[in-house]
Amino acid sequence: MLQLDLTETHEMIRDTARDFAQNEVAPTAMERDVSGEFPHEGVKKLGELGFMGMMVSPDWDGAGMDTVSYVIAMEEISKVDASVGVVMSVNNSLVCWALEKYGSEEQKEKYLRPLATGEKLGAYCLSEPEAGSDATQQRTEATKNDDGWWTLNGTKNWITNGTTADVFLVYAQTDREKGYRGISCFIVEKGLDGFTHGVKEDKLGIRSSDTCSLQFQDVRVPAENVLGPEGRGFNIAMETLNGGRIGIGAQALGIAQGAFEASVQYAQERKAFGKPISNLQAIQFKLAEMATKIQAARLLLFDAASKKDRGENFIKAASMAKLYASKIAVEVALEAIQVHGGYGYVREYKVERFLRDAKITEIYEGTSEIQHIVIARQLQKELEAIA
Ligand code: COS
């Protein structure tokens, strides 16, 4: 069943996120897009608002909110700056969630608490130079030593929060003969000997988020830092990404909404043929199409988030929401440029940034092609179950 009615709490979260985004993130978004500077201040404040561990239980210093709240906050923040959105999404969905679900009491005490409050920042490290969509092809390897510690060697690519994070969830092969069932997940702290990062990538969009490669050369990791059962790392990575896709879908939704609102405002201000262009049917049709797509994406996201909150299988719903929201984010941002005409093509107006930021949502946390595979496989399972 699709949950459409938001509660007072949801409205309150929207107001809080909107105030914060408009007053404290928006003023520096354009500047940071040019400089590529990481939004340290914004991320610190997100932590104070409880937005870095939104769904983590208060037992572990999280905000104990539901996934619908997370979608709402992600939309508001990404509406003004998708770079801040992705930092928040990775910490919430890909790091805190996995630690809360699979961490030992000691691991939660040591790592989850500070991550949930935003005191520390997390990173999810699965992709490699030769393991992107086909994530089973992990070359990073961890070997067990006689003293029980592990030695980690390898390279990770495209790591969000790569130069700024304190805690890294690193997936590595621990038994190559077992294929993906020989992959394990390690909690790796910043600053360990042999653990270095590459330069910050010069990206098309989300330019102030920090993406880089990581290198592990004989990095020693204690036995107690294996997250979840040995050999279950791939499953943890996949399960984690299901929730991550809701976060990125919500980021895409925010980008689309931001591009739409900028277009409405511009159409009311810009005059042509003696009247605001918002009076022209050509523009009205564009705005109507944009608004319809955005609402459809929002409903798909609420559907996926509600399913997750009710403890139902939400794999297909999350992939559908991410697939659709990322697609329309690109379309809406492109159309927003068209509404702005020449002004949309220059940096001074933010819609060209929305287009550059939107594109990544079709790529990371599973490309659109991967989302089609996930959806098709889930459909197949559903059909087999009723056959
Ligand atoms: N949720 C939970 N478990 C999942 C899952 C999902 N969405 N997808 C796969 N799994 C589990 C399977 O249940 C299976 O587990 P067991 O054999 O232990 O029962 C295991 O993972 C392997 O599944 P499968 O055989 O389907 O794996 P494939 O190699 O065929 O890969 C895809 C499946 C392509 C869907 C997967 O590799 C994927 O999602 N790739 C994209 C990775 C990605 O998003 N990378 C970006 C990283 S973050 S920027």
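In which helix is the place of Asp 19? Asp 19 sits in helix α1, which covers residues 8-35. Welcome to a short tour of this chain, and please keep in mind that the model is predicted. The stops are a negative surface patch, a set of salt bridges that comes to 30 by count, a few helices and some backbone angles.

**Charge on the surface**

- Four acidic residues, Glu 8, Glu 11, Asp 15 and Asp 19, together make a negative surface patch.
- Asp 19 belongs to that patch and counts as partly exposed, because its relative accessibility is 48%.

**Salt bridges between distant parts of the chain**

- The salt bridges number 30 in this model, and three of the pairs are described in this briefing.
- Glu 76 and Arg 18 form a salt bridge whose closest N and O atoms are 3.0 Å apart. This pair ties distant parts of the chain together, with Glu 76 in helix α3, Arg 18 in helix α1 and their positions 58 residues apart.
- The two partners differ in their cover: Glu 76 is buried because its relative accessibility is 1%, under the 20% cut-off, whereas Arg 18 is partly exposed at 33%.
- Lys 45 and Glu 24 also meet through their side chains in a salt bridge, at 2.8 Å from N to O. Here again distant parts of the chain are linked: Lys 45 is in helix α2 (residues 40-48) and Glu 24 is in helix α1, 21 residues apart.
- Both residues of this pair are partly exposed, Lys 45 with a relative accessible area of 25% and Glu 24 at 40% relative accessibility.

**A salt bridge inside one helix**

- Glu 109 pairs with Arg 113 in a salt bridge, and the closest N and O atoms are 2.7 Å apart.
- Why are Glu 109 and Arg 113 separated by about one helical turn? The two residues are four residues apart in helix α5 (residues 105-117), so about one turn of the helix lies between them.
- Glu 109 counts as partly exposed at 44% relative accessibility, and Arg 113 is partly exposed as well, at 21%.

**A salt-bridge network**

- Which residues are linked in a network of salt bridges? The members are Arg 14, Arg 18, Glu 75, Glu 76, Lys 79, Glu 261 and Arg 298.
- Two of these members, Glu 76 and Arg 18, are the pair at 3.0 Å introduced above.

**Helices α3 and α8**

- Helix α3 runs over residues 67-80, which makes 14 residues, and spans 21 Å from its first C-alpha to its last, close to the expected 20 Å at 1.5 Å a residue.
- α3 is mostly covered, since 14 of its 14 residues are buried. Glu 76, at 1% relative accessibility, is one of the buried residues in this helix.
- Helix α8 takes in residues 315-340, 26 residues in total, and reaches 37 Å between its first and last C-alpha atoms, close to the 38 Å expected at 1.5 Å a residue.
- Just after α8 comes Gly 341, with a positive phi of about 60°.

**Separations in sequence and in space**

- Tyr 266 lies in helix α6 (residues 233-269) and counts as buried, with 7% relative accessibility.
- Tyr 266 and His 340 are 74 residues apart in sequence, and 6.8 Å separates their C-alpha atoms in space.
- Ile 373 lies in helix α10 (residues 368-386), and this residue is partly exposed because its relative accessible area is 40%.
- Ile 373 and Phe 38 are 335 residues apart along the chain, and 34 Å separates their C-alpha atoms.

**Positive phi outside glycine**

- Asp 61 is not a glycine, yet it has a positive phi of about 70°. The residue is in the loop between α2 and α3 and is partly exposed, with a relative accessible area of 38%.
- Trp 158 is a residue other than glycine with a positive phi, in this case near 60°. Its place is in strand β3 (residues 150-160).
- Is Trp 158 buried or exposed? Trp 158 is exposed, because its relative accessible area of 52% is over the 50% cut-off.

Notes: Residues are numbered from 1 along each chain as its sequence is written. This is a predicted model: local features need pLDDT of at least 70, side-chain atom pairs count only at pLDDT 80 or more; totals for chains, interfaces and linings use all residues. Side-chain values use heavy atoms; hydrogens and water are left out. Patches are made of residues with over 30% relative accessible area and no salt bridge: like charges are joined within 9 Å, nonpolar side chains (Val, Leu, Ile, Met, Phe, Trp, Tyr) within 5 Å. Accessible areas come from the Shrake-Rupley method with a 1.4 Å probe; for residues, only the protein chains shown count as cover. Lys and Arg count as positive and Asp and Glu as negative; His and the chain ends are not counted. The place of a charge is taken as NZ of Lys, CZ of Arg, CG of Asp or CD of Glu. Buried means under 20% relative accessible area, exposed over 50%, partly exposed in between (1.4 Å probe, protein chains only). The expected span of a helix is 1.5 Å times one less than its number of residues.
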